[in-house]
Amino acid sequence: MPSPEEFSCTCDTGLGWVFGCSRTGASHIRAGRPCEDAYALWSGSSGAQPCIAFAVADGHGDPRHDQSRTGAALAVDAAITELVAFHRSYADGNIPRQQFRAGFKTDLPRRATRRWRELVVQDAGRRTLPPAPVPQADVQDQNFTRYGTTLIAALVVNDSILLGQIGDGDLVLVRPDGSIEFPLPRDPVPAGNETHSLSSPDAHLLWRTATLDRGKGGILLAATDGISDSFNGAESEEFSIFVHSLVDRIHTYGTEAVAAAMAGWLDRYSSVASGDDMTLVWACITPEEIRPDVPEPVPDVPASAWEGW
Amino acid sequence: MTLYCYRIECVISADKGGTIIEDTIPIPDGQVARKQLHFFWLADCSDSMRGKKIATLNQAIREALPEIQKAVAAYPQVDIRMRAIKFSDDAAWHVGPDPVPLDEFVWPELETSGLTATAKALRLLAGELTIERMPRRGLPPVCILISDGFCTDPSEEYNNAIAELGKIPWGIKAVRLAIAIGDESDYNAPELLKFTNQESVGLLKAHSPEELVAYIKWASVSASVASSRGRSRGTTAAEETSNVSLESPPQMITSNTDLF
């Protein structure tokens, strides 16, 4: 598991690049608490079919979730494992696209939730945990609560972008024409610092999923809520301005330069605004290539628009 | 399958003064905002509050303001917005309805007259705690009710107002405290207790000016700090309480020579 303090970047599989950066929140630093966010990136191929997978998790900070830092790390581990396994199971079978997408929506929430719970049980069995801050009757349920976290998972393949999320945080896709898409409905929890969680007994039912055409590609952002909270929420105009401006920086200065600057930016947002941990993963997804056997329209974006990605 | 990761180094540039590390890219646009914490005073200004009680309340709230500021200085990400509702024959804004940043908040002198329309004050509060009027990602609001008497609105109206607070998400999540002033036979303790949602605190009973000052300061500072911590947690279906917990209030040791 990479340290959340490091930048990381996956290689170009032909689908694009993905970068990640995670920073300990200013309020966490002041309180001597660690970063409770986690992220993981993966790229590779199966059956000659490339894919990019990434995941972002935000461990709950409330004292009852005292193992949430580990819970978040286990969540991104579980997500990547399941995304890659899902891709592999379909890549070898020449499955029709609609069936592939339907399978993602049906299977990912159940599989990722189950995998996370298995990892939590293993971890809790392997370590000697301190007494639970809020004891519950069922020890296993108590452990899930202690490891509570949100999770965002994304898979990019030849023709599709597949997304899943439980709890808060933001997924934003900026298409090459500058249009912003929020592919998933927002966390339905209406108020305050509460959010849906992998630790909920019915967690597999609390996921939101979406499947998109890769089409002309774009920049896909996955962020913990500390970032949008710094701009008064993802629904605010200021958050849209930030997203547009970030994409503009990537186009103007290049992805590596933006990656190098990201830690400082996130530290600043945390110190002057939300105070929360901040994690941002951004994938620069290239336009879908036209294959002779696939009757898709020809992308009309000039290749030069994607130079530097 | 292969995992490719590498660390990207900082941009290093040189100037005449030597080698420095600097950001060469302007930070992205967008106005950043701190998390809002909405604070509501609900102050009884009925005729029975006349004299020492209202004078102490006015002074205590003024003295509490810098103490709240000092206490939440450790949470620079928090933007406290304060308002005040006064109630006697009716309920009205004493400061509001627009919330005022804490560092600009001034407590105007509160005058006394009339009855004790506590239910109307609670309904005015509930109207401000709706999803539409509160920031979705804000911190739990703080609501402090201060009264010395029985609610003169019909009890059904009072109970309906309490029930309304218990139905709206921000009413549930708010830190709700009540301070009762004077002799216990003068106010309706069970009624005021219904407003509160902090079991460890209960109803704060101020028998003297000294206790009223102490409780106003303790309640406002403790609730603001507890709400400012604002740590996220997973939802639990069966739970409909504030997600902020306060410690028990301090023990009051006061002389019996200066009671209300």
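Among contacts in chain A between residues at least 6 apart in sequence, what percentage join residues at least 24 apart? The figure is 73%, and that's a good thing to keep in mind while you click around. One caveat before you start: what you have open is a predicted model.

**Stop 1: chain A as a whole**

Colour chain A by secondary structure. You should find seven helices and twelve strands. Of its 309 residues, 54% count as buried.

**Stop 2: the five-stranded sheet**

Now select β3, β4, β5, β6 and β10 of chain A. These five strands make an open sheet, in the order β3-β4-β5-β6-β10, with antiparallel pairing. Look to the edges for β3 (37–46) and β10 (208–213), each of which pairs on one side only. Going from neighbour to neighbour, the strands are turned by 10 degrees on average, direction ignored.

Walk across the sheet from the β3(A) edge. Between β3(A) and β4(A) (residues 49–58) there are ten bridges, in the antiparallel sense. To see one of the pairs, pick A:Ala40, whose bridge partner in β4(A) is A:Ala55. Step over to β5(A), which is joined to β4(A) by five bridges and runs antiparallel to it. Here the pair to click is A:Ala53 with A:Leu155, its bridge partner in β5(A).

**Stop 3: β5(A), up close**

Stay on β5(A) and show its side chains. Are its residues buried or exposed? Six of the six are buried. Flip the view to check both faces: A:Leu151, A:Ala153 and A:Leu155 are buried on one side, and A:Ile152, A:Ala154 and A:Val156 are buried on the other.

Follow the chain onwards and a hairpin of three residues takes you from β5(A) into β6(A). Six bridges hold this antiparallel pair together, with β6(A) spanning residues 160–166. Select A:Ala153 and you'll see it opposite A:Gly164 in β6(A).

**Stop 4: a helix over the sheet**

Next, turn on α2(A), residues 68–91. This helix lies across β3, β4 and β5 of chain A, running at about 20 degrees to β3(A).

Add α3(A), residues 97–126, which packs against α2(A) at an angle of about 140 degrees with the axes 8 Å apart. That angle makes the two helices oblique to each other. The crossing is right-handed. For a look at the contact itself, try some of the residues in it: among them are A:Leu74, A:Ala78, A:Phe86 and A:Tyr90 from α2(A), and A:Phe104, A:Leu108, A:Trp116 and A:Leu119 from α3(A). By class, this contact has 13 nonpolar, four polar and six charged residues.

**Stop 5: a loop residue**

Jump to A:Asp202, in the loop between β9 (194–195) and β10 of chain A. Why is A:Asp202 classed as exposed? Count the other C-beta atoms within 10 Å and you get 9; the cut-off for exposed is 12 or fewer. Try a distance from here to A:Thr113: C-alpha to C-alpha it is 9.7 Å, although the two are 89 residues apart in sequence.

**Stop 6: β2(A) and its partner**

Select β2(A), residues 16–23, where eight of eight residues are buried. Once again both faces are covered: A:Gly16, A:Val18, A:Gly20 and A:Ser22 sit on one side, with A:Trp17, A:Phe19, A:Cys21 and A:Arg23 on the other. The strand to add is β12(A), residues 278–285, which runs antiparallel to β2(A) and is joined to it by eight bridges. A:Gly16 has A:Ile285 as its bridge partner there.

**Stop 7: another helix pair**

Show α6(A) (237–253) and α7(A) (255–272), whose axes come within 7 Å and cross at roughly 130 degrees. This pair is oblique too, as that angle makes it. A:Arg249, A:Ile250 and A:Tyr253 in α6(A) meet A:Thr255, A:Ala257 and A:Val258 in α7(A). The contact counts four nonpolar, one polar and one charged residues.

**Stop 8: over to chain B**

Finish with the open sheet of six strands in chain B, ordered β5-β4-β3-β6-β7-β8, with mixed pairing. β5 (91–101) and β8 (204–206) stand at the edges with a single partner strand each, so one side of each lacks a neighbour in the sheet. From one strand to the next, the twist averages 15 degrees. Zoom in on β3(B) and β6(B), a parallel pair joined by six bridges, and find B:Leu42 opposite B:Leu145. Last selection: α2(B), residues 118–128, which packs on this sheet and touches β3, β4, β5 and β6 of chain B.

Notes:
Residues numbered from 1 in each chain as written. Chains lettered and ligands numbered in written order. Predicted model: local features only at pLDDT ≥ 70, side-chain atom pairs only at ≥ 80, totals over all residues. Axes fitted to C-alpha atoms, helices over the stretch in contact; angles between N-to-C directions. Helix = DSSP H or I, 4+ residues; strand = E, 2+ residues; numbered from the N terminus. Parallel < 35°, antiparallel > 145°, perpendicular 65-115°, else oblique. Left-handed = near helix turned anticlockwise from the far one by under 90°. Contact = placed C-beta atoms within 7 Å. Nonpolar A, V, L, I, M, F, W, Y, C, P; charged D, E, K, R; others polar. Pairing = 2+ DSSP bridges. Buried ≥ 20, exposed ≤ 12 C-beta atoms within 10 Å, placed from the backbone.
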